[in-house]
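Visitor: I would like to go through this structure slowly, asking at each step how a label is earned. Could you show it to me and then begin with a pair of helices?

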Amino acid sequence: MGGLGGLAPEGRPVSMAEVAQAAGVSQQTVSRVVNGHANVSEQTRARVLSAIRELGFRPNFAGKSLRSGRYNSLGLCLYNVDQFGNLATVKGILSAAGEMGYAVTMLEMDDRVPLSLNEATRRMMALPIDALIISMSIKASDFERFSPQPGLSTVLLSMYEHPLCTTVDSDQYECSRLVMEHLLSRGHREIRFVSGPTYSVDSVFREKGWRDELLAHGLYVSEPLRGDWTARSGYEAGLKLARDPRVTAVYVANDQMAVGVWMALEAAGRHVPDDVSIVGVDDSLERTLPNVRLTTVHFDLFKRGRTAVEHALLGSGPGYQSVAIRIPPALVVRDSVADVR
């Protein structure tokens, strides 16, 4: 097993043979120390580690992977790494992978091209990975036809269930049930919805939950106003809602748009929550705004990432069956909702 890092005087990588010579031991003993085997005396181990540090030797893990058949690396494929939710999920993935002794190899896909699970898998298969997580914030064009690569455990971060892959996500449908239950308990019956983009999986399930709750209670279902996740699009929707005298509550598909709706209603002379109640989703404002008053829904995105890693690595074991895991959200009650007057 040669070295990848640390250079000999002539500029080439330091070899295991040179470490063995410097420490006065065999190459097999150096290999035992590098791989953490117990059958080496503490005195010898200390001498080998000293030589490794002095020479700057780095083990060749490519050779080790050829022998073991594993890379100890987890693949992660996602769109828009800076999108809210992705960063917290990635943090959970890194945390769980690190605890299990895995590195993470990440590939950000071009969001100008429709998501293809087969293409994402093809690109990741060219990299040294043992398992794969694909974040699916939009529904892949080949979702129903997709079969994971044999021998490569694949987990999808998505609300859609897949017959061959474990799927993990925050429960976007339950999110709406929590919101609607809260608003209905305060007497609201004219509840409007401001959605995200139509291609967003999260928004699709949040809208379905809102619609189903209204229908279950025999209430009027208006056509949702559609935004693009930005506060500006929320403001534009809020100006339209301000002209609707019947509306008493607005459920907004994310907090940024909810802030825009709130500002537009206030600008039009309709006060929150006295005239109109507002609930957002994602609990994303505390780091950017002081004295946050918006009632919202919190997702444990860190747990979402950790759960995906656990199942990606479990999925390579014998007898593993794919499952659909939905992580429950929590309602964060502040003071943007009041009883109907």
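Guide: Helices α9 and α10 are oblique to each other, because an angle counts as roughly parallel under 35 degrees, roughly antiparallel over 145, roughly perpendicular from 65 to 115, and oblique in the rest. The angle here is about 40°, between helix α9 (residues 231–242) and helix α10 (residues 255–267), and their axes are 6 Å apart. Axes are lines fitted to C-alpha atoms, for helices over the stretch in contact, and the angles run from 0 to 180 degrees between N-to-C directions. Please keep in mind that this is a predicted model, in which local features need pLDDT of at least 70 and side-chain atom pairs count only at pLDDT 80 or more, while totals for chains, interfaces and linings use all residues. Residues are numbered from 1 along each chain as its sequence is written, and side-chain values use heavy atoms, with hydrogens and water left out.

Visitor: What makes a stretch of the chain a helix or a strand, and how many helices and strands are there?

Guide: Both are DSSP runs numbered from the N terminus, where a helix is a run of H or I with at least four residues and a strand is a run of E with at least two. Counted in that way, the protein has 11 helices and 12 strands.

Visitor: Is the crossing of α9 and α10 left-handed or right-handed, and which residues meet there?

Guide: The crossing of α9 and α10 is right-handed, a word used if the near helix is turned clockwise from the far one by less than a right angle, whereas an anticlockwise turn is called left-handed. On the α9 side the residues include A231, Y235 and L239, and on the α10 side they include M257, V261 and L265; contact means heavy atoms within 4.5 Å. This contact of α9 with α10 is made up of 11 nonpolar, five polar and no charged residues, where Ala, Val, Leu, Ile, Met, Phe, Trp, Tyr, Cys and Pro count as nonpolar, Asp, Glu, Lys and Arg as charged, and the others, Gly among them, as polar.

Visitor: Why are α5 and α11 called oblique as well?

Guide: Helix α5 (residues 86–99) and helix α11 (residues 301–314) pack at about 45°, with their axes 7 Å apart, and this angle therefore makes α5 and α11 oblique to each other. Their crossing is right-handed. Among the residues in contact are K91, I93 and E99 of α5, together with F302, R304 and V309 of α11. By class, the contact of α5 with α11 has seven nonpolar, four polar and four charged residues.

Visitor: How do you know that V155 is buried?

Guide: V155 has a relative accessible area of 1%, and buried means under 20%, exposed over 50% and partly exposed in between, using a 1.4 Å probe and protein chains only, so V155 is buried. V155 is in strand β4 (residues 153–157), and among the residues that V155 touches, not counting those up to four places away in sequence, are I133, V168 and H311.

Visitor: Why is V340 called partly exposed?

Guide: The relative accessible area of V340 is 37%, so V340 falls in the class between buried and exposed. V340 lies in the segment after β12 (330–332), and V340 touches R186, G187, H188 and T248, again leaving out residues up to four places away in sequence. The C-alpha atoms of V340 and S185 are separated by 9.9 Å, although the two are 155 residues apart along the chain.

Visitor: What is noted about phi in D282 and in N291, and is each of them buried or exposed?

Guide: Phi of D282 is near 110°, a positive value in a residue other than glycine, and N291, which is not a glycine either, has a positive phi of about 55°. D282 is in the loop between β9 and β10 (296–298), and N291 is also placed in the loop between β9 and β10. D282 has 12% relative accessibility and so counts as buried, while N291, at 67%, counts as exposed.

Visitor: How many disulfides does the structure hold?

Guide: The structure holds zero disulfides, a disulfide being a pair of cysteine sulfur atoms within 2.5 Å. C77 counts as buried at 1% relative accessibility, and C175 is buried at 0%.
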